[in-house]
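Student: Please take me through one part of this model closely. I would like to start with how exposure is judged, then move on to the sheets and the ligand shell.

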Amino acid sequence: HRVLPSSLDNIPGPASESFLTGVFSKLFDTDAWAYQKSLHRTYGNTIRIHGILGEKELYTYDPKAMHHIFVKDQSVFEETDQFIQLNNLIFGPGILATLGEQHRKQRKMLNPIFSIAHLRGMTPIFYKITHKLQDAFLKKVQNGPQEIEIVSWMTRTALELVCQSGLGHSFDTLEEDTAPHPYSIAVKTLVPKVANPMMRYATAFLLPLVSGIGSASFRRWAVNTFPWKNLHDVRDVVDILHSTSVNIFESKKEAMANGGGTGLSIEEKDIMSILMKANMTASTEESLSRDELIGQMSSLMFAAMDTTSSALSRLLQLLSLHQDVQDKLRKEINDAFEAEPERGDLPYDKIVSLPYLDAICRETLRLHSPVIMARRVARRDIVLPLMVPIKGLDGREISEVYVSKGTNVTIGLLASNTNPALWGADADEWKPERWLSPLPDEVIAAHLPGVYANLMTFIAGSRACIGFKFSQLEMKVVLALLIQAFRFSPSKAEIAWKIGGIVVPTVVGGDKNTPQLPIIVEKI
Ligand code: HEM
């Protein structure tokens with residue numbers, strides 16, 4: 001892929017910026033928005049790019065190619081080794097760090113727990129936690145409008161939601177001035193490091209060299225002694241994730257052995273309790289080891305927290321900027337709650353089917369996907385058909401690309417969600433109304449493989465986001481309770497959204513490494 005002629009040589013794409021990092025420093029830059037758009041405009045759906053040390057890679061958001069990568073040939077296009085190795089190091093052998101049969105076995109056990117039937121049962125937990133958030137905001141704004149930093153509240157809420165409904169454990173009382181749990185600080189430190197492809201490459205080169213040397217205690221001593229702050233930061237984060245998951249796991253196991261539960265979740269319906277019970281009755285081949293169970297806890301908390309917090313922060317920012325949409329949404333929510341007997345909380349089926357709330361969530365997840373790219377590697381030679389043929393550098397039309405074993409492929413999730421050929425000339429505009437009428441024929445005809453709403457936000461196939469319905473419920477419950485009680489308006493701060501594995505807001509002129517979104521909140 002680095003020096004020999006390749007089938008990708010005939011595919012147009014940008015010139016390499018440097019032999020060491022190709023176009024990665026531009027493509028994966030935190031401000032790569034304009035660069036990525038220019039690539040799409042210049043080269044279309046399928047592009048050859050240069051990666052690390054001259055490696056030729058494929059970048060695509062062609063609907064048919066994505067269908068093959070994520071669904072039809074998904075056993076060929078797997079997560080890259082860098083991703084798996086690093087995830088294994090950080091989370092243990094949970095769902096984020098397994099491939100093939102081991103991943104299939106884990107998904108088989110986890111999938112039913114993320115079903116709608118279970119979400120219905122968990123809905124009261126979602127309300128219980130979000131009412132606490134509502135109370136905390138009420139306390140803050142009781143004497144008049146206040147500027148509130150939204151990201152930290154959304155992160156705390158998302159973490160508490162996945163902890164209580166996922167692990168049957170509580171981290172946070174969501175009271176006004178409680179400091180964030182060390183866990184959420186640890187994940188915040190980790191996300192940009194783990195998500196950066198260059199960091200992954202560096203790790204992929206280093207890990208095989210060091211992971212087999214000496215005993216575990218020798219390696220720990222070597223890490224402690226090596227004078228590199230970044231390494232020590234990652235060590236500390238991994239320690240917090242691991243010890244948190246082990247402590248929760250052990251206390252659950254003990255409670256179960258004593259015939260009781262942790263007492264926190266409603267009838268022990270949380271994901272881990274169900275998984276641990278299912279594991280006890282599974283056959284030997286299908287059951288998960290202790291390390292795999294602990295790995296699921298870290299994986300779920302990590303995958304659920306900052307993604308949801310990013311989506312919720314974006315939703316509140318957009319509503320603050322579009323007061324008309326906010327008013328219309330508030331009316332829909334108020335009418336629905338007033339129609340409920342004794343003005344109780346809306347049950348699962350009612351809240352998820354409020355049409356305007358749903359349209360707002362879909363449109364926000366379309367235009368502002370918290371994860372904007374996925375990476376895969378071809379495990380064997382394969383032909384990838386395209387829906388939209390491209391013109392090769394030799395002038396001939398290419399309608400299928402020969403992808404040789406080991407080729408890395410980057411898939412443009414946001415690029416697909418905002419593809420003007422499918423979504424129309426207004427694809428880059430936030431218009432919740434577009435979901436209240438039939439979608440464009442081009443979107444339907446493209447047969448996009450995404451699991452959610454013709455979007456690639458949660459990707460597709462057997463490695464699609466397991467929590468996409470869970471996150472829908474979170475967003476809808478949080479929005480419903482906040483919009484009912486408060487008006488959100490923009491603060492004076494200028495906000496810049498940065499790409500860093502997960503897209504996060506920052507204040508222009510403020511600390512660019514700390515996600516922040518100040519919004520004025522006023523009691524209604
Ligand atoms: C708006 C919120 C969310 C977004 C945008 C999101 C997006 C994604 C994406 C794009 C992937 C695939 C990554 C890849 O393979 O390259 C993924 C995987 C995953 N997500 Fe989510 N996610 C969200 C919320 C959640 C929640 C709430 C949970 C759990 C409660 C969750 C659990 C997972 C897990 C476990 C995986 C790995 C699945 C596997 O490899 O089989 N996610 N998510």
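Tutor: A residue counts as buried if 20 or more other C-beta atoms lie within 10 Å of its own, as exposed if 12 or fewer do, and as partly exposed in between. Keep in mind that this is a predicted model. Now apply the cut-offs to lysine 37. This lysine is found in helix H2, residues 33-43. Lysine 37 has 14 C-beta neighbours inside 10 Å, so it counts as partly exposed. Its C-alpha atom is separated by 9.9 Å from that of threonine 418, although the two are 381 residues apart along the chain.

Cysteine 465 gives the other outcome. It has 20 other C-beta atoms within 10 Å and is therefore buried. Where does cysteine 465 lie? It sits in the loop between helix H19 (441-446) and H20. Set aside its neighbours within four places in sequence, and cysteine 465 is in contact with Phe458 and Ile459. The unreviewed UniProt entry lists Cys465 under "binding site".

That leads to the ligand. There are 24 residues around the ligand, and Cys465 is among those that come nearest, together with Ala303, Ala304, Thr307 and Gly467. Three helices each supply at least two residues of this shell: H7 (150-167), H13 (290-321) and H20 (468-485). H13 gives the largest share, seven residues. By class, the shell has 15 nonpolar residues, seven polar and two charged.

Next, the sheets. Strands of a sheet pair through backbone hydrogen bonds, either parallel or antiparallel. One open sheet has five strands, in the order E1-E2-E8-E5-E3, and its pairing is mixed. Its edge strands are E1 (46-50) and E3 (77-78), each of which pairs on one side only. E3 pairs with strand E5 (residues 373-378) over two bridges, in the antiparallel sense. Phenylalanine 77 has alanine 378 in E5 as its bridge partner. Helix H3 (residues 63-72) packs on this sheet. H3 touches E1, E2 (56-60), E3, E5 and E8 (408-412), and its direction makes about 120° with that of E8.

A second open sheet has three strands, ordered E4-E12-E9, with antiparallel pairing. Here the edge strands are E4 (146-149) and E9 (486-490), and each pairs on one side only. From one strand to the next, the twist averages 40°. Four bridges join E4 to E12 (residues 518-523), and the two run antiparallel. Within that pair, glutamate 149 stands opposite proline 518 in E12. This sheet also carries a helix: H6 (residues 116-141) packs on it and touches E4, E9 and E12. The direction of H6 makes about 85° with that of E12.

Last comes a hairpin. E6 (residues 382-391) and E7 (residues 397-403) run antiparallel and are joined by six bridges. Proline 385 stands opposite glutamate 400 in E7. Five residues lie between E6 and E7. In that turn, glycine 395 has a positive phi of about 90°.

Back to the starting point. Lysine 37, with 14 C-beta neighbours inside 10 Å, is partly exposed. Cysteine 465, with 20 within 10 Å, is buried.

Methods. Residues numbered from 1 in each chain as written. Predicted model: local features only at pLDDT ≥ 70, side-chain atom pairs only at ≥ 80, totals over all residues. Near = placed C-beta within 6 Å. Nonpolar A, V, L, I, M, F, W, Y, C, P; charged D, E, K, R; others polar. UniProt positions renumbered as here; feature names shortened; annotations may be inferred. Contact = placed C-beta atoms within 7 Å. Pairing = 2+ DSSP bridges. Axes fitted to C-alpha atoms, helices over the stretch in contact; angles between N-to-C directions.
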